[in-house]
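Student: I want to test some of the labels people put on structures. Can we go through one together?

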2 protein chains.
Amino acid sequence: MRLRLDLGYDGTDFHGWARQPELRTVQATLEDALSLVLRTNSADVTCAGRTDAGVHARGQVVHVDVREQDVVAAAGRGTSPRLEALLRRLNGVLPDDVRLHRCREMPLTFDARFSALWRRYAYRIADDPEAVDPLARRHVLAWPRRLDLDAMNQAATGLLGEHDFAAFCKQREGATTTRTMLELRWTRDASGLTVATVRADAFCHNMVRALVGCLLAIGEGRRPPGWAGELLLLRARDSAVTVVPPHGLTLEEVGYPPDAALAERARVTRATRTPLLEQRGVGSE
Amino acid sequence: MRLRLDLGYDGTDFHGWARQPELRTVQATLEDALSLVLRTNSADVTCAGRTDAGVHARGQVVHVDVREQDVVAAAGRGTSPRLEALLRRLNGVLPDDVRLHRCREMPLTFDARFSALWRRYAYRIADDPEAVDPLARRHVLAWPRRLDLDAMNQAATGLLGEHDFAAFCKQREGATTTRTMLELRWTRDASGLTVATVRADAFCHNMVRALVGCLLAIGEGRRPPGWAGELLLLRARDSAVTVVPPHGLTLEEVGYPPDAALAERARVTRATRTPLLEQRGVGSE
């Protein structure tokens with residue numbers, strides 16, 4: 001049976017999502033918990049957004065294929081539904097910087113990565129001493145100067161739609177850097193934080209952090225609002241773009257189509273985003 | 001000159017507010033930063049709410065008397081107003097789990113502790129797996145069972161107004177435990193967290209955490225809503241009341257009267273709340 005797990009994590013003490021030898025990663029932590037609770041050696045999870053070291057998640061989604069008899073055995077003899085019991089057992093084993101929010105059975109056509117319609121990230125900045133909250137310091141960037149949100153939003157508008165975002169991506173051989181930006185806007189929230197909402201069909205490696213770095217330069221007045229569009233036209237990485245620190249970035253939500261459309265969506269995504277070489281890292285940040 | 005400083009801190013790695021030999025406390029950390037930046041040995045700060053070990057603050061207020069020439073020297077020759085420059089220098093010296101939000105000159109009649117009209121605390125609980133956010137785990141209590149907010153609010157209503165809160169206080173010889181509860185209510189916020197807003201003229205030691213512990217027992221159905229009122233009538237500490245962990249508690253705001261009424265407010269507070277013995281710890285939690 002295929003399970004969909006929704007989870008959040010504090011990325012501070014992880015070397016990112018992807019399993020790496022000898023390092024503490026979210027994928028390894030989650031797979032180890034699944035192996036322990038399900039008494040199996042083959043828990044391979046696939047995630048929607050492969051977050052970098054230091055990046056957080058509130059709405060990460062993964063799928064994993066498990067044997068029904070293992071779930072039944074793990075759930076035990078309690079009265080609660082077996083997937084609720086499994087969720088509780090997994091949270092009991094996981095460290096407190098990773099929490100599972102939901103556990104559901106899905107059709108085999110569901111693929112956490114390839115079925116996704118979009119990923120939504122938030123980048124949070126405290127650009128005012130009054131808005132710097134020590135309780136939020138692990139997921140909010142403290143910035144010493146006030147930012148001009150109007151200029152940043154003016155620049156952001158020019159990045160909406162389908163573009164080759166090579167200027168903001170670490171290039172990978174054979175992988176396309178064309179993405180569709182669905183939402184990119186800056187708001188000031190009730191606590192005075194400056195928040196970027198960034199939503200696209202998928203992201204290349206480092207793309208959100210490079211976009212935020214570009215817009216920060218505009219918000220400080222170091223560059224004019226037109227600079228973002230000029231960079232886009234370069235279609236190649238520009239060293240003038242600073243990649244901002246990872247800790248301000250959080251994967252907030254992943255959007256999927258209705259169940260009936262899952263298979264078709266996965267087919268289309270696979271075809272457009274893995275034309276030549278390996279599939280690793282697509283949709284990552 | 002008398003300065004009012006507004007600050008926030010993550011209480012996780014502090015042994016509470018009050019200076020103690022050999023321990024890391026917020027008071028000592030702040031006084032050391034003031035001494036360093038103002039090049040003085042006599043920075044004695046007085047706070048509005050003496051938070052316990054592990055308790056946080058977003059809206060703590062302190063006052064400190066400093067020499068004007070020390071402020072001028074510390075501010076340096078920049079173009080920004082001297083108190084803004086002082087704020088920046090202090091934040092540059094303080095560790096990142098303490099942040100100063102504002103620094104203002106006040107009349108000498110202002111006393112951070114005795115001029116305060118009320119203190120407002122929040123206690124945050126995630127009583128639903130979907131609401132447990134690893135990024136907030138240091139200031140939100142994770143609770144394994146869903147709470148009945150209606151029952152908790154019914155019980156809370158009976159605690160409003162002036163009462164002897166001895167049932168919820170660590171008793172101190174000679175100190176009154178009569179307080180005026182101005183606000184005590186439970187709400188579920190947009191992210192699904194259960195939040196208690198607790199506002200009173202002042203609090204005895206452990207009072208908020210004992211009140212929350214009492215109301216939690218009611219919210220779980222282990223006690224009827226009438227239990228809170230029954231405890232109040234005992235006028236003595238009851239061992240059936242559990243004091244909840246400190247990390248869910250945050251001092252959010254302190255209210256003061258207009259400047260013209262500061263002196264009168266301090267006179268009244270001093271008279272009612274320090275009748276016999278020492279003044280330490282009044283208004284603390």
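Tutor: The questions below take helix packing, then a strand, then the contact of two chains. Keep in mind that this is a predicted model.

Student: Why is α4(A) called oblique to α5(A)?

Tutor: Start with the angle. The axes of α4 (residues 149-157) and α5 (residues 207-219) of chain A cross at roughly 135 degrees. They come within 8 Å. Roughly antiparallel needs an angle over 145, and roughly perpendicular covers 65 to 115. The value of roughly 135 degrees fits neither class, so α4(A) is oblique to α5(A).

Student: What is the hand of the crossing where α4(A) passes α5(A)?

Tutor: Right-handed.

Student: Which residues of α4(A) and α5(A) meet?

Tutor: From α4(A) come A:L149, A:A151, A:M152, A:A155 and A:A156. From α5(A) come A:L215, A:I218 and A:G219.

Student: What makes one residue in the contact of α4(A) with α5(A) polar?

Tutor: The count is seven nonpolar, one polar and no charged. Gly counts as polar, so A:G219 is the polar one. Ala, Leu, Ile and Met count as nonpolar.

Student: Now chain B. Why is strand β5(B) called mostly covered?

Tutor: Strand β5 of chain B spans residues 118-126, and seven of its nine residues are buried. Buried takes 20 or more other C-beta atoms within 10 Å of the residue's own. Seven of nine pass that test, so β5(B) is mostly covered.

Student: How do you know that β5(B) pairs with β10(B)?

Tutor: Pairing takes at least two bridges. Six join β5(B) to β10 (residues 249-255) of chain B, so these strands pair. They run antiparallel. B:Y123 stands opposite B:L249 in β10(B).

Student: How many bridges join β5(B) to β9(B), and how many join it to β6(B)?

Tutor: Seven bridges join β5(B) to β9 (residues 194-200) of chain B, and these strands run antiparallel. B:R119 has B:A200 of β9(B) as its bridge partner. Two bridges join β5(B) to β6 (residues 141-142) of chain B, and these run parallel. Two meets the cut-off of at least two, so β6(B) counts as a pairing partner of β5(B). There, B:I125 stands opposite B:L141.

Student: What makes up the contact between chain A and chain B?

Tutor: Each chain gives 22 residues. On chain A, the elements giving two or more residues are β1 (2-9), β3 (56-65), α3 (82-93) and β4 (98-106). β4(A) gives the most, with four residues. By class, the chain A side has seven nonpolar, five polar and 10 charged residues.

Notes. Residues numbered from 1 in each chain as written. Chains lettered and ligands numbered in written order. Predicted model: local features only at pLDDT ≥ 70, side-chain atom pairs only at ≥ 80, totals over all residues. Contact = placed C-beta atoms within 7 Å. Axes fitted to C-alpha atoms, helices over the stretch in contact; angles between N-to-C directions. Parallel < 35°, antiparallel > 145°, perpendicular 65-115°, else oblique. Left-handed = near helix turned anticlockwise from the far one by under 90°. Buried ≥ 20, exposed ≤ 12 C-beta atoms within 10 Å, placed from the backbone.
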